[in-house]
Amino acid sequence: MNIELEKLIYALNQRFKTDIISADCQTMPLQGGTVGNVYLVMGIAESVDGKKLPYRIVLKIQNKWERYGDPGSWRREYDLYSSDLGATFSQALRWPTCYHAELNAEENEYQLWLEYIDGVTGLDLTGDMYEKAALELGRFQGKLYAEQPAVLQSLTNLSHADLMKKTYLHYRSWPVVYDYIRSEDCEFPLHVRQMLIDIDEQADEIFARIEKLPLVLCHRDFWVTNLIYAEGRIALIDWDTSGWGYLGEDLASLIADEPDIDHMVEYYQRCVPAYYKGFSEYAHVSRIADHCVYEIILLVFGYRLVEGYLHTEDDYEKTKHVHTLQKIYEMKTNPGWSHLVT
């Protein structure tokens, strides 16, 4: 990876808030997204007053690509970092600081030079960390919903509220998954199959309920790999899918997207009340019986799990997908609460 030294030094100037005159660097690939590359850039920078400053910084290079139903997503993170959205975060939940953002429109590519945050992420997150993430997400969304800061009106490149519905209907119209759960060849337990069939039959009524929920700014990829827990705070990366969505959408991702399967039901029981508690600090919420997190989990992840099962030859992966669906079934029978905080 060839690093442009001029851009690195500019980013380091912002990072250290002092004049950097030189820097050496090494790069290491980090987990990237679709048609994008993410690198950890590290080395020693030298300031104008002779100080040697060790550094780690993230360089994200994103190329144009097309996401189903969301054509502007490829450059959304650049647009968001170029806006005033960063001022709406709290210390408890924020995104990494961006030191430099640059769009090359001719090559349909952008670069972000971002803060490196060292913390706990992925399946290493504990139940307390899940609950903290749910609480702070609720607070963040509740505050924006209640206060409606001007920046929300200026964000023109956001995914639309109907993205979840369109994605579900797209999956449902796909015979590979739709027909499989209804076929004699389906190897899922009968109650799991029926759960998926029931959600299809009830989808119109469920979406009518969902569409009465508060419309909030959603991250829409709020899963454990995009969460970093450090020093009691949550940092949230990869904002390219974000947009307008309904209360509970992000929470569904936290619980069901590549989950800690053995603790799914527990985390569902802990995170839903925490999320509503955070939201209710800023805005009124109805009784917990009216929430749709369980239904959103099934609408978003049900057919995705069926697809994953059908398109892997790995027996462990197949078992994992079925086990995840079983845990979603158990959430319905073991919700773990009786009411929302008042």
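The legends below describe close-up views of a predicted model.

**View 1. The largest pocket and its lining.** This pocket holds about 1500 Å³ of space. Its wall is formed by 47 residues, and Asp221, Trp223, Asn226, Asp238 and Asp240 are those nearest the centre. Two or more lining residues come from each of strand E4 (52-63), helix H2 (76-81), strand E7 (109-115), helix H5 (163-172), helix H9 (249-256) and helix H11. H5 gives the largest share, with 6 residues. By residue type, the lining of the largest pocket comprises 21 nonpolar, 13 polar and 13 charged residues.

**View 2. The second largest pocket.** The space in this pocket amounts to about 340 Å³. Of its 17 lining residues, Glu258, Pro259, Leu305, Lys320 and His321 lie nearest the centre. Helices H11 and H12 (315-333) each contribute at least two residues to the lining, and the largest share, 5 residues, belongs to H11. The lining of the second largest pocket is made up of 8 nonpolar, 3 polar and 6 charged residues.

**View 3. The annotated span, residues 96-266.** An unreviewed UniProt entry assigns the feature "domain: Aminoglycoside phosphotransferase" to these residues. Within the span, 43% is helix and 19% is strand. The C-alpha atoms at its two ends are 29 Å apart.

**View 4. Helix H7 (residues 190-201) and its surroundings.** H7 has 12 residues, and at 1.5 Å a residue it should span 16 Å; the distance between its end C-alpha atoms is 16 Å, so the expected and modelled spans agree. The buried residues of H7 are Val192, Arg193, Met195, Leu196, Ile197, Ile199 and Asp200. Among the elements covering these buried residues are H5, helix H6 (175-180), helix H8 (203-210), H11 and H12. As a general point, an α-helix has 3.6 residues a turn, so residues three or four places apart point the same way.

**View 5. The surroundings of Cys292.** Cys292 occupies the loop that joins helix H10 (264-280) to helix H11 (293-310). Its relative accessibility is 1%, and Cys292 therefore counts as buried, the cut-off for that class being under 20%. Apart from neighbours within four places in sequence, the residues in contact with Cys292 are Arg209, Ile210, Leu213 and Tyr276. Arg67 is 225 residues away from Cys292 along the chain, and the C-alpha atoms of these two residues are separated by 26 Å.

**View 6. Gln148, a loop residue with positive phi.** Most residues other than glycine have a negative phi. Gln148, which is not a glycine, has a positive phi near 45°. Gln148 is located in the loop between helix H3 (127-147) and helix H4 (150-154). Its relative accessible area is 38%, so Gln148 is classed as partly exposed, a class lying between the limits of 20% and 50%.

**View 7. Glu231, between two strands.** The loop containing Glu231 connects strand E10 (227-230) with strand E11 (233-236). Although Glu231 is not a glycine, its phi is positive, at about 55°. With a relative accessibility of 76%, Glu231 counts as exposed, because that class requires over 50%.

Note on methods. Residues numbered from 1 in each chain as written. Predicted model: local features only at pLDDT ≥ 70, side-chain atom pairs only at ≥ 80, totals over all residues. Heavy atoms only, no water. Helix = DSSP H or I, 4+ residues; strand = E, 2+ residues; numbered from the N terminus. Buried < 20%, exposed > 50% of the residue type's maximum accessible area, 1.4 Å probe, protein only. Contact = heavy atoms within 4.5 Å. 1 Å grid on protein atoms, 1.4 Å probe; cavity = no way out; pocket = protein on both sides within 12 Å on 5 of 7 lines; lining within 4 Å. Points joined across faces, edges and corners; volume = space filled by probe spheres on them. Nonpolar A, V, L, I, M, F, W, Y, C, P; charged D, E, K, R; others polar. UniProt positions renumbered as here; feature names shortened; annotations may be inferred. Expected span 1.5 Å × (residues − 1).
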